[in-house]
Amino acid sequence: MKLLLQIFTWWNGQTIGTRFHTWRNGQRVGEDELGNVYYQGGQDSEGRTRRWVIYNGPAEASAIPPGWHGWMHHRTDISPADEKYAAREWQQPHRPNPTGTPSAYRPKGSLANAGRRPRVTGDYDAWTPRS
């Protein structure tokens with residue numbers, strides 16, 4: 001079943017192409033607390049080492065913890081697996097994207113929320129005859 005998902009979907013973990021590329025070029029760097037596995041290998045067009053992640057579950061970029069996010073985007077050359085990374089007090093743990101769920105943000109006046117939107121200074125007043 002897992003192999004079929006890798007062949008026919010891109011949002012469940014890795015595709016068959018990513019599996020092959022990782023097998024040929026990837027060097028495992030580490031794993032985060034969510035089970036995502038990080039790799040590096042080869043060079044990109046700017047001469048930097050390519051870095052990628054195999055997600056544990058659906059491919060959701062917000063599921064990368066802050067320390068690994070910095071490593072993935074070449075803000076640091078030392079991976080969190082190679083150092084004792086501690087998140088800052090202002091860094092929050094991962095929350096799944098709530099879009100399309102009952103906990104999504106629905107401001108006043110939106111189609112998904114009852115009530116009227118508050119009037120603002122940039123609102124348009126349509127012209128009507130005799131006004």
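A salt bridge is taken here as a side-chain nitrogen of Lys or Arg within 4 Å of a carboxyl oxygen of Asp or Glu. The model is predicted, and the structure holds four salt bridges, of which the following views include three.

**View 1. The salt bridge between Arg 48 and Asp 44.** The closest N and O atoms of Arg 48 and Asp 44 are 3.2 Å apart, a separation that falls within the 4 Å limit and therefore qualifies as a salt bridge. Of the two partners, Asp 44 is buried, having a relative accessible area of 19%, while Arg 48, at 36% relative accessibility, counts as partly exposed. The value for Asp 44 is 19%, and this residue is classed as buried because the class covers relative accessible areas under 20%.

**View 2. The salt bridge between Glu 46 and Arg 48.** Arg 48 also takes part in a salt bridge with Glu 46, in which the closest N and O atoms lie 3.4 Å apart. Glu 46 is exposed, with 58% relative accessible area, whereas Arg 48 is partly exposed at 36%.

**View 3. The salt bridge between Arg 51 and Asp 77.** In this pair, the closest N and O atoms are 3.5 Å apart. Arg 51 belongs to strand E3 (residues 49-54) and Asp 77 to the segment after helix H3 (66-72), so that the pair ties together parts of the chain that are 26 residues apart in sequence. The surroundings of the two side chains are described by opposite classes, since Arg 51 counts as buried at 14% relative accessibility and Asp 77 is exposed at 65%.

**View 4. The network of Asp 44, Glu 46 and Arg 48.** Salt bridges with shared partners join Asp 44, Glu 46 and Arg 48 into one network. Within this network, Arg 48 is paired with Asp 44 and also with Glu 46.

**View 5. The setting of Asn 36 in the loop between strands E1 and E2.** Asn 36 sits in the loop that lies between strand E1 (27-31) and strand E2 (37-43), and Asn 36 is buried, with a relative accessible area of 3%. When residues up to four places away in sequence are not counted, Asn 36 touches Gly 30, Glu 31, Val 53, Ile 54, Tyr 55, Asn 56 and Ala 63. For Ala 63, the backbone oxygen lies 3.2 Å from a polar atom of the Asn 36 side chain. The C-alpha atoms of Asn 36 and Ile 64 are separated by 7.8 Å, although these residues are 28 residues apart along the chain.

Technical notes:
Residues numbered from 1 in each chain as written. Predicted model: local features only at pLDDT ≥ 70, side-chain atom pairs only at ≥ 80, totals over all residues. Heavy atoms only, no water. Buried < 20%, exposed > 50% of the residue type's maximum accessible area, 1.4 Å probe, protein only. Helix = DSSP H or I, 4+ residues; strand = E, 2+ residues; numbered from the N terminus. Contact = heavy atoms within 4.5 Å. Polar contact = N/O pair within 3.5 Å; in protein donor to acceptor, adjacent residues only side chain to side chain.
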